[in-house]
Amino acid sequence: MSDDRQSMAVDIVCVGFGPAMGGFLSTLARDADPNLQVICYERADDIGFGVSGAVTRARGIRQSFPDLNPDEIPMAAAVGHEKIAYLLDPLGAGRHAPSRRSKSLRAADRLLRLLRLPADHAFELPWAPPFLRKEGGLLLSIGQFMQWTGAQAMSGGTVQIWPGMPVSEALVEDGRVVGVRLLDQGTDRQGHPDAGYMPGMDLRAALTVVGDGPVGAVGRQLDSLYGLPDGHHQHEWAVGVKMVVDLPDGVDLEPGTIFHTFGYPEPEIFGFFYVHPNHVASVGIFVPSWFHNPARTSYRYLQHYMLHPYLWRYLEGGKLRSWGAKSLQEAGKRGEPFLAGDGYARIGECSGSTNVLTGSGVDEAWTTGIQLAEAVKELRAAGRPFTKADLEETYLARRRASWVEREGSIAEKARDGFHRGVVTGLIGMAMAGATKGRLSIAGEPQLLPGLEEYYRGKLTPVDIDEVRHQCYGSGIAMHDALMDRCGWPAVPFDGQLLMSQQDALLVGGKVQAPAGYADHVTFLYPDFCERCATKLCIEICSGQALTPGPDGVPLFDRDKCVFCGACLWNCRQPLDDDPVRTNIAFRAGAGGLHSTEN
Ligand SMILES: Cc1cc2nc3c(=O)[nH]c(=O)nc-3n(C[C@H](O)[C@H](O)[C@H](O)COP(=O)(O)OP(=O)(O)OC[C@H]3O[C@@H](n4cnc5c(N)ncnc54)[C@H](O)[C@@H]3O)c2cc1C
Ligand code: SF4
Ligand code: SF4
């Protein structure tokens with residue numbers, strides 16, 4: 001057992017290898033600089049771990065690689081035909097159908113059916129509004145794209161990328177970030193030294209670049225330390241869950257074909273179906289924080305989504321290749337933290353770059369990485385240090401003058417209307433898109449209702465108690481049983497594409513849970529959990545890694561955790577002294593569901 005913490009100095013140390021860091025490192029690597037050493041640490045066990053759609057306009061990506069030929073990147077295609085479809089409920093139109101539709105939506109459905117407009121229970125919009133179109137863009141597998149990007153970035157020798165190395169925290173001295181500390185290894189699940197203990201190394205650097213995405217521990221540490229700028233908050237989230245599917249023989253959709261959908265399985269759930277080359281598609285949904293269902297299981301909803309006749313006509317007979325889930329920080333520009341400080345800068349989704357109007361994050365994140373790299377080059381050429389003032393004059397100035405800022409501002413209030421209802425939200429979004437953000441509909445996040453309130457009219461409190469008793473007694477989440485009782489049909493498992501969540505964990509990727517690390521999901525105040533009736537963390541869990549425990553505190557099984565981060569923002573219990581934080585401590589950790597295709 002070693003107590004000695006090693007320390008090493010580098011010029012620039014980076015946290016997380018997602019699209020933002022891809023933009024940063026490829027730009028730095030372009031002019032090989034023998035006097036510059038840049039090390040990037042990625043927590044996942046490979047450098048192509050991410051989960052994303054991903055359809056992107058690729059403006060920043062093409063700036064980095066002007067001659068980019070999608071044929072060189074596995075699963076990539078140029079964006080082709082784009083369709084937007086409203087999905088009606090194929091299971092019934094009335095009040096008692098399982099999908100919870102408001103009166104206005106039911107009326108709209110009736111009208112559409114009366115006019116015989118829907119085909120396959122879907123109404124295709126005659127055109128896609130310009131703010132949603134991705135003409136000239138790329139359809140990617142983010143895993144494959146990041147592997148390709150990593151190889152380009154490392155080829156020059158300036159940049160090293162180390163996967164399987166979670167950063168536990170930023171090192172902060174007198175308010176200045178001076179580097180990072182890697183996670184201790186050889187600990188028990190509580191983080192106590194165990195056999196083979198190795199304290200995580202300290203990396204001291206003139207500049208620390210934080211691009212650890214929506215639920216990264218280092219970004220959240222900086223948010224706690226420095227706070228957010230006045231008026232900013234990070235209350236808007238979504239969890240995206242997707243499957244990569246071998247399409248059945250006979251489906252001849254062109255690579256680059258894109259379907260965006262809304263309306264089903266619940267009106268709040270947006271979905272996508274993207275066609276890659278070689279008969280492969282990505283299909284997924286987003287479950288947003290403003291969806292009021294306190295038992296919002298994304299996996300089961302994804303299966304009902306795929307079974308919708310509009311999509312099932314292409315998917316029936318298909319085969320699961322991989323799947324994954326990941327959170328999105330949807331507060332966008334309104335969630336922007338301080339972008340730079342003495343010794344550090346933030347890029348990508350953890351810096352508020354995601355655009356909630358166009359549903360885009362990849363190219364925005366990438367472009368903020370380019371902007372920081374250009375600023376670093378400028379500062380190094382002038383022999384200037386990485387102080388807050390210098391970074392603001394170079395990085396911040398570039399960002400404020402760019403399309404990322406312009407479009408982020410247009411998107412800022414675009415989705416507020418969804419807090420008042422889906423139809424209001426859609427109108428608000430269309431208004432913001434059409435008027436470039438000048439008009440939108442206001443709305444504030446609402447407290448989630450309890451199960452009894454949400455299911456009023458569908459299930460009685462006695463029904464819910466019965467389900468709770470049965471499920472918690474068997475150590476499972478309630479969501480499936482609640483959906484069954486509301487009339488959702490059983491999913492016809494075929495063992496190929498439709499399968500239980502546990503089978504998907506085995507078939508659709510590889511969950512890594514390397515031993516010797518502390519659990520990354522822990523409960524700050526177990527007594528809060530004991531009293532918590534809804535246990536939303538369990539109901540949202542993408543991998544069934546959180547289950548009811550005997551004393552009311554959820555049990556966490558790291559071998560099933562896909563590292564989606566949804567539990568972090570789906571705890572119902574904000575802390576009294578820090579309402580932005582919840583009762584879940586989501587720390588840096590290794591592992592997660594690994595598939596390089598997502
Ligand atoms: C299902 C889904 C579909 C999407 N579809 C689209 C789409 O079609 N188009 C689009 O433009 N965007 C889409 N997005 C959003 C897009 O994927 C994100 O906005 C984008 O990936 C953000 O890039 P990033 O580099 O900022 O962060 P991330 O991609 O989150 O990368 C951060 C990296 O940091 C690593 N990390 C975190 N903590 C640590 C730590 N402590 N130590 C070391 N490493 C760490 C993570 O493992 C991760 O690899 C989608 C997202 C999802 C989930
Ligand atoms: S972590 Fe939060 S949501 Fe989960 S049981 Fe505890 S208090 Fe409830
Ligand atoms: S426990 Fe893991 S899989 Fe479950 S919600 Fe949390 S991060 Fe996602």
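**Ligand 2, helix 10, domains and a sheet**

Author: The shell around ligand 2 holds nine nonpolar, two polar and two charged residues. The model is predicted: local features need pLDDT of at least 70, side-chain atom pairs count only at pLDDT 80 or more, and totals for chains, interfaces and linings use all residues. Residues are numbered from 1 along each chain as written, while chains are lettered from A and ligands numbered from 1 in the order written.

Reader: Which residues come nearest to ligand 2, and what makes a residue near?

Author: The cut-off is a C-beta atom, placed from the backbone, within 6 Å. Around ligand 2 there are 13 residues, and C529, C532, C537, C571 and Q573 come nearest. Helix 16 (526-531) and helix 17 (536-540) each give two or more residues to this shell.

Reader: How do you know what class C529 and Q573 belong to?

Author: Ala, Val, Leu, Ile, Met, Phe, Trp, Tyr, Cys and Pro count as nonpolar, Asp, Glu, Lys and Arg as charged, and the others, Gly among them, as polar. C529 is therefore nonpolar, and Q573 polar.

Reader: Why are V404 and E407 called buried?

Author: Buried takes 20 or more other C-beta atoms within 10 Å of the residue's own. In helix 10 (residues 403-411), V404, E407, G408, I410 and A411 are buried, so each has at least that many C-beta atoms around it.

Reader: How do you know that the buried residues line one face of helix 10?

Author: Look down the helix axis. The arc uses directions from that axis to the C-beta atoms. The buried residues fall within 155°, so they line one face of helix 10. Their cover includes helix 8 (362-381), helix 9 (388-400) and helix 11 (422-434).

Reader: What makes domain 1 and domain 3 separate domains, and how many residues of each are in contact?

Author: The bounds come from an automatic or database assignment. Domain 1 is 7-72 + 140-231 + 334-411, and domain 3 is 461-594. Their C-alpha centres lie 29 Å apart. The contact (C-beta atoms within 7 Å) takes 20 residues from domain 1 and 14 from domain 3. Strand 9 (167-173) and strand 11 (185-187) each supply at least two residues of the domain 1 side. Strand 11 gives the largest share, three residues.

Reader: What makes strand 4 and strand 7 a pair?

Author: Pairing needs at least two DSSP bridges. Two bridges join antiparallel strands 4 and 7 (residues 138-139), so they pair. A77 has L139 as its bridge partner in strand 7.

Reader: Why do strands 3 and 4 count as edges?

Author: The open, antiparallel sheet runs in the order 3-7-4. Strand 3 (55-56) and strand 4 (77-78) each have a single partner strand, so one side of each lacks a neighbour in the sheet.

Key
Helix = DSSP H or I, 4+ residues; strand = E, 2+ residues; numbered from the N terminus. Buried ≥ 20, exposed ≤ 12 C-beta atoms within 10 Å, placed from the backbone. Contact = placed C-beta atoms within 7 Å.
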